[in-house]
Number of protein chains: 4
Amino acid sequence: MVRAIITNAPNGGVKIENVNITEPEHYEVKLRPVYTGLCGTDRGEVLGNLSFAYNEPGYNYLVLGHEAICQVIEASENPYKIKPGDYVVPVVRRPGKCVNCRIGREDDCSDGDKHEAGITGLHGFMRDYFYDEAKNLVKINDKNMVKVAVLTEPTKSVMKAFEVFDTVSKRSIFQGDDSTNLTKNCLIIGTGSEAFLYAFMAREYRFNVFMTNRHPVGEEKLSIISRINADFYDYTREDPLKGIDLLIDTSGDPGTIFRFVRKMNYNGVVILFGTNGRAPATSIDGEDIDYIIERNISLVGSVDGAKRHYLRAVEYLEKWNYSEGSVINRLITGVFEPEDVSIFTKKPENEIKSVIKWS
Amino acid sequence: MVRAIITNAPNGGVKIENVNITEPEHYEVKLRPVYTGLCGTDRGEVLGNLSFAYNEPGYNYLVLGHEAICQVIEASENPYKIKPGDYVVPVVRRPGKCVNCRIGREDDCSDGDKHEAGITGLHGFMRDYFYDEAKNLVKINDKNMVKVAVLTEPTKSVMKAFEVFDTVSKRSIFQGDDSTNLTKNCLIIGTGSEAFLYAFMAREYRFNVFMTNRHPVGEEKLSIISRINADFYDYTREDPLKGIDLLIDTSGDPGTIFRFVRKMNYNGVVILFGTNGRAPATSIDGEDIDYIIERNISLVGSVDGAKRHYLRAVEYLEKWNYSEGSVINRLITGVFEPEDVSIFTKKPENEIKSVIKWS
Amino acid sequence: MVRAIITNAPNGGVKIENVNITEPEHYEVKLRPVYTGLCGTDRGEVLGNLSFAYNEPGYNYLVLGHEAICQVIEASENPYKIKPGDYVVPVVRRPGKCVNCRIGREDDCSDGDKHEAGITGLHGFMRDYFYDEAKNLVKINDKNMVKVAVLTEPTKSVMKAFEVFDTVSKRSIFQGDDSTNLTKNCLIIGTGSEAFLYAFMAREYRFNVFMTNRHPVGEEKLSIISRINADFYDYTREDPLKGIDLLIDTSGDPGTIFRFVRKMNYNGVVILFGTNGRAPATSIDGEDIDYIIERNISLVGSVDGAKRHYLRAVEYLEKWNYSEGSVINRLITGVFEPEDVSIFTKKPENEIKSVIKWS
Amino acid sequence: MVRAIITNAPNGGVKIENVNITEPEHYEVKLRPVYTGLCGTDRGEVLGNLSFAYNEPGYNYLVLGHEAICQVIEASENPYKIKPGDYVVPVVRRPGKCVNCRIGREDDCSDGDKHEAGITGLHGFMRDYFYDEAKNLVKINDKNMVKVAVLTEPTKSVMKAFEVFDTVSKRSIFQGDDSTNLTKNCLIIGTGSEAFLYAFMAREYRFNVFMTNRHPVGEEKLSIISRINADFYDYTREDPLKGIDLLIDTSGDPGTIFRFVRKMNYNGVVILFGTNGRAPATSIDGEDIDYIIERNISLVGSVDGAKRHYLRAVEYLEKWNYSEGSVINRLITGVFEPEDVSIFTKKPENEIKSVIKWS
C-alpha cells in the first residue's frame, strides 16, 4: 500500500488515499518524490475536462502528477550512474514504436502511441514512492536547486519550443545584421507559470521581451516581469508593440493568437504552445492567409519535450537559481501538503506555480 | 518607342501600345522576350484588385509581365557568361537592403523594401525588348526546352516552398522508417497551373500525391493527373484521404485550408502559398489550435523564390520536358499573340497556363 | 541450386557455379537480376585485398555483387506496391540496431553492426534469382532506363555525399551573393565511374566542375567531360585551379587530397569518398591545420547511402538518360556475360563501368 | 596622447608608452578598459612569430590587445542602449564586404578581407581609452561578473565551435537513444585556458569530458578538472579512452590530432581550433582516410566567433560565475599592471589566463 493522490480518468475527482499498486518484478530505481508541481493539466483531469486522459490498464484510478523532483532510495547499477541519494526528475512521456520514439524523441511521436505519466494510461508521481528505469531520470547535480528543479518538467517544454524555433527560423536570416536578436521583439501571450518560463528563456535569446494578456496583473507578477527586464501590456488598453518577430502563445485562445499574428514582422515565427479546447472560435479570412504568405511567416505547434530538453531545463534553472536575486524562485508561490487536495479544485490567489512537498 | 502591354497600377486596365521608356545609360544585357506567361497576379492587376501594385516611378503606367523566357540580343562581358543568342529567364524580384536581400535572398526580404518586375514599381517583361544585368538572368542551356521554360518563374516558387519544407520538416523525423516519403501523403488544394507544378515536384519527393478542389475537373486535367500517377478528389463529394503529411494550398481559401489541416498527421507540414485576399472568412476554435500543438504541426507561408530556385526549376523542367511523354507541356494550354489582350480579362476555357508568343 | 558468381571472403578468388542456398521460408519478393555492375570493391574481394569482407554465416563462400537492377518474378502484397514484372534496385546495406539503423539510415550506422550484400556476411546479387523484402527494393518506373539504372547503386553514394554537403555547408553562407553556386568551383579527384557520377551531380548543383588526376585520360573520357561542360586537368602538368569551394575525392590518396586541400577557398567543403587502404602516406604539418582553421574548412567522410538516396539517384538517372544525348549511358563501357569472370581480375581497357547482363 | 601597450607588427617587440592616435571625428562610444586578457596570439605577435599580423595603416606600431572588458565613459544615443557606466566587451573582428560579413558573420568571412583589433591592421584594446560603435559592444548586465567577463572573448570562439558542431552533427543522429550526449565522450587536447573553456561548455552539453596532453599537469589544474567532473589523462602513459564522439583540439599539433582521430567513434566530429604553424609534420595514410570515410567522421576548422557568440559566452560565464563555487574564476591565475610588459615574453608559472587590470 502506498499513499497517492488519485483521480478517475477521464471522469475526474481527486482524493489522497492508500492504494495497492503492483510493484514491478524488476526495476532499476526506487524513488520518493520531494516536490511535485501542479498545472492546468492536473486540474483539467480532476475537473473531468480532459477527454484524452485515461487510467492505467488494470486500475480503476490514476495516480496524478507529472511534474516532480525525487530522491533515489534504491538503485541497481546503471549506465546513467544514478545512485541512492541522488536527486532526479523523471521524464513524463514514455515511447511507443514510431521512428521518433525509437530515437528518444517521443515528444515528436509520429503516431500518438505513447504514454504520459499521470495523464494517459500510466500512474503519475504523486505518491510516497515509485519505481522507474534509470534512463528515464534526469539527474540534478546542484543540491541548491532541489526546490527550483520542480520546474524542470514545465521548463523542458520551453526548451523544446525554442529548439523548434531554432530549426524553423533557419528558413531565412532571422537575426539582425549584428547576428543577434537584440533588435528583435518577442511577445508572450499569457502570464501563467509557462509564460514566465518562456520569458526567462526569451531573454537568454536576447529578445526584447513583452508579456501580455487581457487583464492587469498583480504587483508580484509586475515585479518579476520588471526584474527580468521584460515589459507587460494589457492589450485591451494599449497596443503591445508594432512588430513581433517571435510570438509565443500560452493561452490557446485563437482570437488572441490571430490578433497578434496580424502584427508579425517578415520572417516571424509563431509558437503555438498553450491549449484550451474550450476556447471560443475566431474568424480568419483571405487577408490573414495572404499576410502569412507574403511575409514568410511560420506557425508551429510544439508539445512536450525529450530528455535532452529536461537536461537543458536543468542547465538554465541552475543558472536562474543564482542570478538576478533568484527571481526564478518567486514563480513558486505556494507549498502545500499532500493532504491539501483542495488546491486541485480551487486555485490559490495570485498563484503562479503551486507545489506539494512530500517529505 | 517600344511595344508593350501596360496597365495603370493599382487602378487596372490593359492595352498594348508603343511607349517611351528611358533606356539605361549602362546595361549589361539587352533582351527580347520569346514567351511570356500570364497568371492570376497579372489578371488581378488588370482588374484593379491588387492594391499593393504600383507604377514604376516617373511613369503613369506599368509594363505587365513577370513570367518570361527571353533571348539575349546584346551582352557585354559578365561573370555569368551570358552571351548573345542565349535563352534566359529574368528573375522577378529585385533586392532592397535587408540582411536577406544582401545575400541574394530577396524572396525572404525582411522589411518589404524590394521590387517585383511587372507588379511593384518596376516595368515588367511584356515588351519587345528590355535591359537587365546578367546577375538577374538564368540561363537555359537546353534549347529543346525554350517553350517549357516559360514555366520557370511559377516553378521557382514551388522550389522555394519545398526548400522551406526541407528546413521545417527537420524539426523531427518526417520520413518513414525506410528514410523516404513513399508511405507519406501529399494533398494539393487547387487544380490550376501552380497546383500542377506542385504535384510534379511532390511526386519527385516520392509522396503519394493527391489533388483536390470543390468542382469536378475536365478530361484533360484528369488525364494529366493520371499521367503523373496522382489522384483527384472532389472534396465536396468524398473524403480525400485519411491522413495528410504535407498539405499544399494554392487556393488562399481559409475554409478549405482548415478543413484539411484537421486531417493532418503527426509532424505534418502545411505550405500556404495561394493568396486570395477576397476569400471568405472561416472559423477556427480552441480544438483546432490544440490539434496543431498536440501533433507538432507546422503551417508556413512561402512566397516567391531566389535565383537558386529558378535554377532548380530549370533543372526539373528540363527533366519533365523529356520524361513521361512530355506531359509537362500540356500545362501550356494556349499560345496567344501580344495583341490578344482580351485574355487578361477573359480566361480561356480549360486554361491551365496561357502564354504569349512574342516573335 | 542457383547459378552464382562467388568468392571466398576475405581470401578471394572468383568462379561461377551452381550453389545451394537455403531458400527463405517466408519472403515477399523473388527477383532475377537483369544487369549487375562491377566496382573496385568486387575486384578487391576477388583479389583478397578487403580484410573486412566475410562470407554469409553457414556458407564457405559469398555470392558477389551489390550493384544490380532486377525484375520481380513473384511478389506478395506489400505496402510499397512492388508487383511481378516491376524493375527494382535492391539496397545493399541492411540495418543493425543503432539509432541510425532504426530510422532507415543504416548508411550512418552508429556501431558498425550492419551488413552489406555481396561484401559483409550477406550473399550478393550476382545469381540467377534471389529473395528479398519489398522494403529493400527501389522501383524503377521508367522502362527506358532499365540499363542505366544499374548505376543507381553507385549514384546513391553520390546523393548521400551531396546531402552531407548540404548539411555541412549550412555552417555559413556558402553560395555567392546571387544565392547560387554559379561562381563556385568544384574539383573532383579521379576519373573513374564514381568521379563521373559526382561530376554529373556537381553540374546540377551549378558548380564550375573540374576533374583531375595524375595521368592524361583517353579520348572517350575527354569527350564525356566536355559533353557535360566540365574541364579536365592533368595536375602534374598544370595547376588545376586557383580556389576550390567543393573538393570531392574518389582516389583515397592522402597526398593528392592534401595537395588540393591547400587550395581550398574560405568555407570550403571537402568530401572524402574514395578509399584505398594501400595508398601511401603523406605529410601534413601545423600550417595545414592552421589553413583549415583560419578558413573554416570542413573535411567530411561519406560512405554508402540510404534508400532515400537510391530514390534520388533514380530521379537524376532518369533525367540524365534523356538529356544531353544520353551521355550518361556512355559510362557503361562494357556488357559481359556472367561466365566472363575474367573481368573480375583483368580490367577491360578504357573501362568506366563494366556490367554483366543476366538474361 | 594615450598610454598604450604596443608592438611593431609583424616584427614584434613590446613596450608601454604614450602614443598619439588620431581621435575619430564621429564616434558613438568612448571606452576605458577595466581588464584585458593575454593569449598566445599576443605573445606570438611580440615574438614576431605571426607573419599575418600588421600595423594599422598610417602607424608604425600596433596597439596590442583583443580580449577586454571595458567601461563606457561617453555614449551618444544608440539602438543597442549602451549608456555611460555600462560594462561592455568589444568584438575583435570587423567586417569586410563578403556575403558572411554582410550579415554580421565576419567570423565566417568568405574572402579574408576583414580586420582584427590588436592583430591585423586595427589598433587593439590595451590603452587607457578608445572609441567604438555601439554595434560592436556586448553589454554585461551582471556587475558581479566584471572580472570573469574578461574571458568573454576567448569563450566566444568556444560558442562558435559548438554552433559548428550543432550544424555538422545533424548529418546523422549523433546523440544516444535517450536523445542526449550522456553516453558520449568528448576529448579535449590541451590544458590551456581555451581547453578549459571548451571543457566547461562540453559539460553543459552533457558529454563525458576528458582533457589530455603529453605532460602531467599541476595540482591546481587537476583540482579544477576534478571540480567540473572531467578527467585528465597523460596520453603518453595511458590510453585516454576507447571511443571519442567529439574531439576538440587546442594544440594545433597534427601528430596529436591524428593520434586521436584514429579513435573516433562512428559519426564522430573533430573540431580543429588550436593553431601552431610551427608544429611538426605527421604522416597520414590511406587507412586513415578510409577510417574517416567508413565511419562518416567530420573534421571541421573553426575560427573566431560572431557577436551572437559573445552573447552566448556572457550567458554561460554568468552561470559559471555563480555555480560550482565560482571555479571559473580560478582560470584567471594572475592579475598584472599595464607596466608589467614582461608577461608578454615570460609566461608566469602555472598560468592559465593572465590579465591586466587597467584602473
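A polar contact, as used on this tour, is a pair of N or O atoms within 3.5 Å, where one must be able to donate a hydrogen and the other to accept it. Keep that in mind as you click through this predicted model.

**Stop 1: chains A and B**

Select chain A and chain B together. Across their interface there are 23 residue pairs in polar contact, both partners at pLDDT 80 or more. Now colour the side of chain A that touches chain B by residue class: you should find 23 nonpolar, 20 polar and twelve charged residues.

How many residues of chain A are in contact with chain B? The count is 55, and they meet 55 residues of chain B. Together the two chains bury about 4200 Å², with carbon and sulfur atoms giving 59% of that area. Show A:Arg171, A:Tyr266 and A:Ile293 as sticks, since these residues of chain A lose the most area to chain B, together 14% of what that side buries.

**Stop 2: a salt bridge to zoom in on**

There are two salt bridges between chain A and chain B. For one of them, centre the view on A:Arg102 and B:Asp177, whose closest N and O atoms are 3.1 Å apart.

Next, switch to cartoon view. Which elements of chain A each supply at least two residues to the side that touches chain B? Among them are helix H2 (99-102), helix H3 (152-168), strand S16 (264-272) and helix H7 (286-294). H7(A) gives the most, with seven residues.

Before leaving this pair, try superposing chain A on chain B: a rotation of 180° with 0.0 Å of shift along its axis does the job, with an RMSD of 0.0 Å. The same surface serves both copies, as 100% of the contact residues of chain A recur in chain B.

**Stop 3: chains C and D**

Hide the first pair and select chain C and chain D. Here the contact takes 55 residues from chain C and 55 residues from chain D. About 4300 Å² is buried between them, and carbon and sulfur atoms give 59% of it. Highlight C:Arg171, C:Tyr266 and C:Ile293: they supply 15% of the area that chain C buries against chain D, more than any other three residues.

The interface of chain C and chain D has two salt bridges. In one of them, C:Asp177 pairs with D:Arg102, and the closest N and O atoms are 3.2 Å apart. You can also look for 23 residue pairs in polar contact here, both residues at pLDDT 80 or more. Helix H2 (152-168) and strand S18 (298-301) of chain C are among the elements that each supply at least two residues to the side touching chain D. The largest share of that side, seven residues, comes from H6(C).

Chain C superposes on chain D through a rotation of 180° with 0.0 Å of shift along its axis (RMSD 0.0 Å). The two copies are therefore related as by a two-fold rotation axis.

**Stop 4: inside chain A**

Finally, show chain A alone and colour its assigned domains: domain 1 (2-150 + 331-357) and domain 2 (173-295). Their C-alpha centres lie 30 Å apart. Five residues of domain 1 are in contact with eight residues of domain 2, and the area buried between the two domains is about 570 Å², of which carbon and sulfur atoms give 70%. Select A:Asn49, A:Leu331 and A:Ile352, which supply 79% of the area that domain 1 buries against domain 2. Between these domains the count is zero salt bridges and one residue pair in polar contact, both at pLDDT 80 or more.

Definitions and conventions. Residues are numbered from 1 along each chain as its sequence is written. Chains are lettered from A and ligands numbered from 1 in the order in which they are written. This is a predicted model: local features need pLDDT of at least 70, side-chain atom pairs count only at pLDDT 80 or more; totals for chains, interfaces and linings use all residues. Side-chain values use heavy atoms; hydrogens and water are left out. Copies are superposed by least squares on the C-alpha atoms of residues with pLDDT of at least 70 in both. Domain bounds come from an automatic or database domain assignment. Contact means heavy atoms within 4.5 Å. Buried area is the accessible area (1.4 Å probe) that two parts lose on being put together, summed over both. A salt bridge is a side-chain nitrogen of Lys or Arg within 4 Å of a carboxyl oxygen of Asp or Glu. A polar contact is a pair of N or O atoms within 3.5 Å; within protein, one must be able to donate a hydrogen and the other to accept it, and residues adjacent in sequence count only if both atoms are side-chain atoms. Helices (H or I, at least four residues) and strands (E, at least two) are DSSP runs, numbered from the N terminus. Ala, Val, Leu, Ile, Met, Phe, Trp, Tyr, Cys and Pro count as nonpolar, Asp, Glu, Lys and Arg as charged, and the others, Gly among them, as polar.
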